[in-house]
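Colleague: Got a minute to walk me through this one? I'd like to go over it piece by piece.

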Amino acid sequence: MTNQTLAPALAFDGVSCVFASNEEAGARYVAVGDTTLHVAPGEFVSVVGPTGCGKSTLLNVAAGLLEPSAGSIKVFGEPLVGINSRAGYMFQAEALMPWRSAISNVAAGLEFKGLSKAEAEREAGEWLKRVGLGGFENRYPHQMSGGMRKRTALAQTLILDPDIILMDEPFSALDVQTRQLMENEVLALWQAKRKAVLFITHDLDEAIAMSDRVVVLSAGPATYPIGEFTIDLERPRDVAEIRTHPRFVELHQQIWSVLRDEVLKGYAKQMEVTA
Amino acid sequence: MSKPVISGWRLRTAQCGLLACIILFWHIFTDPDLLPPFYFDNPDQAAFFFGRPLEIASRTWHWFSSGEIYRHLGITLFETSMAFLIGTMGGLSMGLWLALNDTASAILDPYIKALNSMPRVILAPIFAVWFGLGVWSKVALGVTLVFFIVFFNVYQGVREVSPTLLANARMLGANHRQLLRSVYLPSATSWVFSSLHTSVGLAFVGAVVGEYLGSAGGVGYLILQAEGNFDVNTVFAGIVVLTAFALLLDALVGVIEKRLMVWQPKTAQSERL
């Protein structure tokens, strides 16, 4: 109940994002339309929606990388100006610096803060061990597997101890087994620190297994939340085991019935464009 | 087709054998005593036009044993390294600056295109007037050749830094200077290295061509002198020395590249899962 007395970690209020269209000069494309979404401190919220619906746009707004065309975004009650310094962002694409070894990639954030290289790398070494990469400190990104690179990126984000963690389909490029391992690791780390998480995914199973709340977005353009589901499964959870839980199946059916129509709409939209 | 490609000592033997064949062929066809003249009226004429390998070898040997060549070689290599250093530094900083400054790059764009498409070797006489016949006019010529190679590589490299990588560094708290130091500069340097072989080669070309067009020292000067005396053997000896040192420089660059670019994936090991 204490959460209600605090300002939300992230508060989107009537956020819209409009882009100039690529296809016609002067035309506009509304990626996100009038979205209101609050994430409480310590809450794990997943956002699911059909592909190309503007999920990443929403995350970029929360990170401060993109200014919304309308509406406001508040971080712990303060209006967001510039980069969101209380947030850590785990990108969908490769974001490690290829010219830095694993340890110095993880240490980068601390170095930017002004810590000495030695100090930053000592802490980075501990974080690498925490994500299961002890002994791989001096590997360069190209010498690591996709899963190892994601772990490094996770350590790189979490070492700064952000109050808000933004994740943009971080595991979509991984194989199923590695993915489940990573999901469990993220849950364990989250359980220990209880930070606000805004997790974007197109995988409904992943969303339900990990979150406190799942938000379904409509098909684009002008995407907005059309449904919210509280996931009342007990924690700690194991993402692989929980999938067979009767409540999980029930929730999955409920959410999927909402999501399915949007996925079909999104699909029809894409076919229209290609036709 | 399943036979393995030639390699190891067999390859070396074949390569040396080919060189020996060429030199032998050259020797036989330019020696007035070995073959009856079938094209030139005078048996010495072939040697006059094409030089003789033994003469060339002895001339080269004489240069090194008497120490005569070292001063000239030193001059040429000094010009090469200065042209390389100044050209690379200039290209790197200019490339970084223009890639990060849209206004400046928009204004300067046509000028850079014009300067790049100009045959820059014709600047040599102007440099000779400006900087005299000493080493600096050759350095200037080399710089104009190296600068653009590095400049375009860096410019392209900085423009193509992955937006995700930039966004990530910004999210990790990098300010403008830190972005420059830990994202733009390393990315640009990797492009400088990819053009290193070309730019060292061009610095060498700039130095030698500059010397050849007018100078008081350097291997290009030796060649120019010999040509004035119709001494084709010395011209060839100069070419041999230049080629040897060009290969040496290239090998040196290869070693440095290997040391500094450990983070770059080799094609065979990229995306190993």
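What follows is a short back-and-forth on the chains, their domains, a sheet and some helix contacts.

Colleague: Before we start, what kind of model is this?
Modeller: Local features here need pLDDT of at least 70, and side-chain atom pairs count only at pLDDT 80 or more. That's because the model is predicted.

Colleague: OK, chain A to start with. Which residues make up domain 2 of chain A?
Modeller: The domain assignment splits chain A into two domains. Domain 1 is written in two pieces, 2-86 + 162-274. The C-alpha centres of domain 1 and domain 2 of chain A are 26 Å apart. Domain 2 of chain A covers 96-161.

Colleague: Which helix gives the largest share of the side of domain 1 of chain A that touches domain 2 of chain A?
Modeller: Eleven residues of domain 1 of chain A are in contact with nine residues of domain 2 of chain A. By class, that side of domain 1 of chain A has nine nonpolar, one polar and one charged residues. Its largest share, five residues, comes from helix 6 (residues 176-193) of chain A.

Colleague: Now the open sheet in chain A. Which strands stand at its edges?
Modeller: The sheet has four strands in the order 2-1-4-5, with antiparallel pairing. An edge strand has a single partner strand, so one side of it is left without a neighbour in the sheet. Here those are strand 2 (28-39) and strand 5 (78-79) of chain A.

Colleague: And in the middle of that order, which residue stands opposite F12(A)?
Modeller: Strand 1 (residues 10-20) and strand 4 (residues 70-75) of chain A pair in the antiparallel sense over five bridges. In strand 4 of chain A, the residue opposite F12(A) is I73(A).

Colleague: Any odd backbone spots? Which strand holds D34(A)?
Modeller: D34(A) has a positive phi of about 50° although it is not a glycine. As for its place, D34(A) is in strand 2 of chain A.

Colleague: Where is P236(A) found?
Modeller: The peptide bond from R235(A) to P236(A) is cis, with omega near -5°. P236(A) itself is in the loop between strand 10 (225-230) and helix 8 (246-274) of chain A.

Colleague: Let's bring in the partner. Which helix gives the largest share of the side of chain A that touches chain B?
Modeller: In this interface, 23 residues of chain A are in contact with 21 residues of chain B. Strand 6 (87-90) and helix 3 (102-113) of chain A each supply at least two residues of the chain A side. By class, the side of chain A that touches chain B has 14 nonpolar, seven polar and two charged residues. The largest share, four residues, comes from helix 3 of chain A.

Colleague: On to chain B. How far apart are the centres of domain 1 and domain 2 of chain B?
Modeller: The domain assignment gives domain 1 of chain B as 1-50 and domain 2 as 52-260. Taken over C-alpha atoms, the centres of these domains of chain B are separated by 33 Å.

Colleague: Which helix gives the most to the side of domain 1 of chain B that touches domain 2 of chain B?
Modeller: Eight residues of domain 1 of chain B are in contact with four residues of domain 2 of chain B. Helix 1 (8-30) and helix 2 (45-50) of chain B are the elements that give two or more residues to that side of domain 1. By class, the side has five nonpolar, two polar and one charged residues. With four residues, the one that gives the most is helix 1 of chain B.

Colleague: How do helix 6 and helix 7 of chain B lie to each other, perpendicular or oblique?
Modeller: Helix 6 (residues 124-131) and helix 7 (residues 135-159) of chain B pack at an angle of about 140°, with their axes 8 Å apart. Angles over 145 degrees count as roughly antiparallel, and 65 to 115 as roughly perpendicular. Helix 6 and helix 7 of chain B are therefore oblique.

Colleague: Which residues of helix 7 of chain B meet helix 6 of chain B?
Modeller: The crossing of helix 6 and helix 7 of chain B is right-handed. From helix 6 of chain B come A124(B), F127(B), A128(B) and F131(B). The contact residues divide into seven nonpolar, one polar and no charged. On helix 7 of chain B they meet W136(B), S137(B), A140(B) and L141(B).

Notes: Residues numbered from 1 in each chain as written. Chains lettered and ligands numbered in written order. Axes fitted to C-alpha atoms, helices over the stretch in contact; angles between N-to-C directions. Parallel < 35°, antiparallel > 145°, perpendicular 65-115°, else oblique. Left-handed = near helix turned anticlockwise from the far one by under 90°. Contact = placed C-beta atoms within 7 Å. Nonpolar A, V, L, I, M, F, W, Y, C, P; charged D, E, K, R; others polar. Pairing = 2+ DSSP bridges. Domains from an automatic or database assignment.
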